[in-house]
Amino acid sequence: MSDHDADSESPANPSVRRVSDWDAGSLHELATDHETPLYVQDLDRVRENCERLRDAFPNADVRYAVKAHTGRAVLEAVRDAGLDAECASAGEVDRALAAGFGGDRLHYTAVNPPARDLDYVVGVAEAEPEVTITVGAVDTLDRLAERGYDGRVCVRVNPGVGAGHHEKVRTGGAAKFGIPYDRAAAATRDAAERFEVVGIHAHAGSGIDSEQLDSHRELVARLGDLARTLAEPAGNETSAIDIEYVDIGGGFGVPYEEDEPPLDLPAVADATREAVAPLPDGVDLAIEPGRYVVADAGVLLTRVNTVKPTPGERVVGVDAGMTDLLRPAMYDAYHPIRNLGGAAGTANPDAREATPVTVAGPICETGDTFCNDRALADPARGDLLAIGVTGAYGYEMATQYNSRPRPAEVAIDDGAAELVRRRERLADLTTVEREADR
Ligand SMILES: *Cc1c(COP(=O)(O)O)cnc(C)c1O
């Protein structure tokens, strides 16, 4: 199961942390101290991921897409590492502000934005005029203008190419996102008459890997073309538009499967720079990684409570479910699972036979399954399992479905663990309900 990569990379900051790399003893301790299900997020690893991104893209603005993990501890670590915050809602803007991102480091991307989100962000921009609002429809520009906003705007373009690990997250080609490419130049020039247009943007979707480098290159090249078009005056009345940056979005993939090679980030960076070139003078590259910053910095710990042999398969019941980690149910996502052992009277998991199992949660849904027919060190009731690569879109997508309180989260900072989100209690499930007359 241990599957370390023999890449030419710095041993101090490897390009991936596998579930097998986590220290079993420490995880057992955390599970004992805080119970399960428990998210563990290693801020030291978050910092390493930030550093590799900055090294690969030394001259780019790096903006963390906070929706991957919006916990306060993570936001503060990313802020300290010098990344900006890319926010997808008023709530995310609010949390980024609270975590100390100033307006000059805040980017809000409005996709069919609810009125109250626009009201909120326009209000923020009054106090923090350096905030940038990224807009993907002329309607949204009109709605900003109606609110008296004339500040910094970035135009989101739909380049018509998309990459991604699942069709639900492949956004580049989806009409929902961005202004169609063939109208983008005109829409940007129109926008410049009402706002300070500072950038153009496209996000191709999540999960760029080495095989999808071609569509990434194509998207980036189209943005480069658009930047050059805008730098030329259009006709005698319209002047050139001086943008500050070309933002190519996020989507940098991480290896979920144990034997999947990590993304060759320097190669992606080279391909990006090459495809976008030559950028007009004074125009920088910007990237918006979410998953890449936090995914392999997190594991979800869960305890085995049921082992059920059936004619077809061996079902291993655990205390975490799709409400804690939605990605397998929602995207058919693969997450590695490691048996850390610990059941009374059982052998060290390394000494147990690899046994094909289905690992399933407590929710009344067939989709509430973390794996099927997967070989794990034969699980026993009481064992602790670590579900790997859950730092991105893990806690973030957790719900209270089935009236399940959301799990607790521990952050590791400079090697020391601290509870950063308490486990929800049953009472938390009803805090927003009208009080019953009892
Ligand atoms: C979700 C999102 C990202 C980040 O995507 P990742 O796959 O997590 O890197 C970046 N930009 C925008 C606009 C997004 O919506």
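**Exercises on a predicted model**

Not counting residues up to four places away in sequence, E365 touches M322 and Y401, where contact means heavy atoms within 4.5 Å. This is a predicted model, in which local features need pLDDT of at least 70, side-chain atom pairs count only at pLDDT 80 or more, and totals for chains, interfaces and linings use all residues. Residues are numbered from 1 along each chain as its sequence is written, and side-chain values use heavy atoms, with hydrogens and water left out.

**Exercise 1.** Find where E365 is located, and decide whether E365 is buried, partly exposed or exposed.

*Solution.* Begin with the backbone: E365 is found in the loop between β14 (354-360) and β15 (369-377), strands being DSSP runs of E with at least two residues, numbered from the N terminus. Next, take the relative accessible area of E365, which is 35%. Buried means under 20%, exposed over 50%, and partly exposed in between (1.4 Å probe, protein chains only), so E365 is partly exposed.

**Exercise 2.** Describe the setting of H216 by its helix, its accessibility and its contacts.

*Solution.* First, H216 belongs to helix α8 (residues 213-231), a helix being a DSSP run of H or I with at least four residues. Second, the relative accessible area of H216 is 3%, so H216 is buried. Third, leaving aside neighbours within four places in sequence, H216 is in contact with I208, I248, V268 and T272.

**Exercise 3.** State which helix holds R291, and whether R291 is buried or exposed.

*Solution.* R291 lies in helix α10 (residues 291-294), and at 6% relative accessibility R291 counts as buried.
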